[in-house]
Each structure stands twice: as C-alpha cells, then as structure tokens.
Amino acid sequence: MKIIRVKDYDELSRVAADIMIEAVKENPEITLGLATGGSPVQMYKNLVEDHKENQTSYKGVKSYNLDEYIGLPQTHEQTYYTFMHKNLFDHIDIDEKNVHLPDGSVEDVKAEADRYEAMLKDTVIDLQLLGIGTNGHIGFNEPGSSFEGLTDVVSLTPETIEANARYFEGNEDLVPTEAISMGVGSIMNAKKVLLIASGANKAEAIKWMVEGEISEELPASALRNHDDVIVVVDEDAASLLTK
Ligand code: F6R
C-alpha cells in the first residue's frame, strides 16, 4: 500500500486526476472502475478540464461503476447514473456503450446484481477508483461484509444513511436503504486500486485501514492484501496515522 500525503482536497484532486490521466494516456483502451460521492467530484472536474485543454481521449475507455441505489428511477437526480453523467460522462468523449453501472430501478435487483457480476467476470478492471466511508466501507460494502463477496444487493447502515442524507435535503428518510454494490471480492480483482480520502471524518477509517487489524469489520482493510494500491490522503484524513 503506497500512501501519498497531500495538503488538502484541492491537491488530492489534482494528484488523483494526474494518476488517472497518465493511466488513460498509457492505455487508451483502459478499463476503469469508478466511484461516486463527494471525494472524486473535484478530481472528475480536473479530468474534464484536462480533456478540454489537452484532448485526453476516452473514446476507447470502458468504465464500470461500483454501486447504485435501489429504488430510484435511473434519471432521478441522486442516482449514481445521474452523478456520473453530470460530473464526468457528459463532458468527455467516452462512448455511452462503454459505460456500465448497476441499474437499481429494475424490479428484480438480485438478477441485476448477478448480471453485473457476470459482466465483471468477463473483464479486468485495470484501475479501480475508491472512496472510503467513515465506517471503512468501500463501495457499499458495510462493516461485516465478506472479503470474498461479489456484486450483490446490500443494505446501507444507519451511519451511511446519515452521511448520505446531505444529498437528500438532509432528510434521512429520503435516502434509499439498499443498493447494488460490487463486493469486496470483485473490487480486489482490479489490477490496481486508487483510494482517495479527504477530511477529518475519514481519519479513523484511514488509520484502521493503514495501521489496524485486517478485518471484515473494516472492509477497506482488505486492500492491505492487494499488491498494488495507492492511497491519496489529505492532512486531515491522515491526521491519526502514526507513521
Ligand atoms: C461511492 C461509494 C462509496 C463512497 C464513500 C465515500 O460510489 O462507493 O463507498 O466512496 O461512501 O463517500 P464520500 O466521497 O461522499 O465521502
């Protein structure tokens, strides 16, 4: 696990964007695993800016998102489908047919999770972007999730619902309680992982992930068993690290 410490969210977003851009330039047909949430927003802005200024092309790039809420129509403003289009896909030259997200609006969500996992089995994610939950979740794999887990229907913990209420008018009752998420096992199949974390509310999870016991109680600690992980953390998120 390689740790890159940066000053703040701005620098984190620049450093992470540079890693992504270099990877795309090196392999224009790269398969990316993508994340949503607050952590990558500025990084995606930087990718869009770079695409406009330097014409980095995503025409041959394929993407697979980590997760999606269950129960919202796909075009609802808080789906991850909408997030990805608004923050990235609509502003770069990626081919819509190369873009993949689980669809949480279908009736048979279990079949959808299985369909998504079958697609992942047929592909190799070259670079997987991750954020981390305050409780150490990756994707929507909450504490207690199996390290071998594959894409599945999952329940969000009260802590995650509380953290995500900010996107739903601050109202926890509006936050979906379930999602389809790639499992920890699916995530671990990626060739390389880039995890970004910013802010003091991530400090405990980062400390456990980097220095604590490898345990299913902190899903992100599974990444210590992966041999190519880059973690970019700002000062606040790194504030509890002892080394
Ligand atoms: C998002 C995802 C989540 C987030 C995590 C951190 O697709 O899978 O694991 O990365 O909840 O969210 P933010 O970045 O909003 O703090």
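**Exercise 1.** Which backbone oxygen does the side chain of R166 reach? Find it, then work out the surroundings of R166.

*Solution.* Before we start, a word on the model: it is predicted, so local features need pLDDT of at least 70, side-chain atom pairs count only at pLDDT 80 or more, and totals for chains, interfaces and linings use all residues. Residues are numbered from 1 along each chain as its sequence is written, and side-chain values use heavy atoms, with hydrogens and water left out.

- Step 1: Locate R166 in the loop between α5 (158–164) and β8 (178–181). Helices (H or I, at least four residues) and strands (E, at least two) are DSSP runs, numbered from the N terminus.
- Step 2: The side chain of R166 reaches the backbone oxygen of A163 at 2.5 Å.
- Step 3: R166 and Y167 are joined through their side chains by a polar contact of 2.9 Å. A polar contact is a pair of N or O atoms within 3.5 Å; within protein, one must be able to donate a hydrogen and the other to accept it, and residues adjacent in sequence count only if both atoms are side-chain atoms.
- Step 4: R166 also faces the ligand, with a side-chain N or O atom 3.0 Å from a ligand oxygen.

**Exercise 2.** Is S39 buried or exposed? Compare your finding with R166.

*Solution.*

- Step 1: Look for S39 in the loop between β2 (31–34) and α2 (41–54).
- Step 2: S39 is buried because its relative accessible area is 13%; buried means under 20%, exposed over 50%, and partly exposed in between (1.4 Å probe, protein chains only).
- Step 3: R166, at 54%, is exposed.
- Step 4: Leaving out residues up to four places away in sequence, S39 touches Y9, L12, I196 and K202, where contact means heavy atoms within 4.5 Å.

**Exercise 3.** Which residues come nearest to the ligand? Add the distances for H137 and G139.

*Solution.*

- Step 1: Of the 15 residues around the ligand, S39, D67, H137, G139 and K202 come nearest. To be near, a residue needs a heavy atom within 4 Å of the molecule or strand.
- Step 2: H137 places a side-chain N or O atom 2.7 Å from a ligand oxygen.
- Step 3: G139 uses a backbone N or O atom, also at 2.7 Å from an oxygen of the ligand.

**Exercise 4.** Which residues does E117 touch, not counting residues up to four places away in sequence?

*Solution.*

- Step 1: Go to helix α4 (residues 109–121), where E117 is found.
- Step 2: The residues touched by E117 are L150, T151 and S186.
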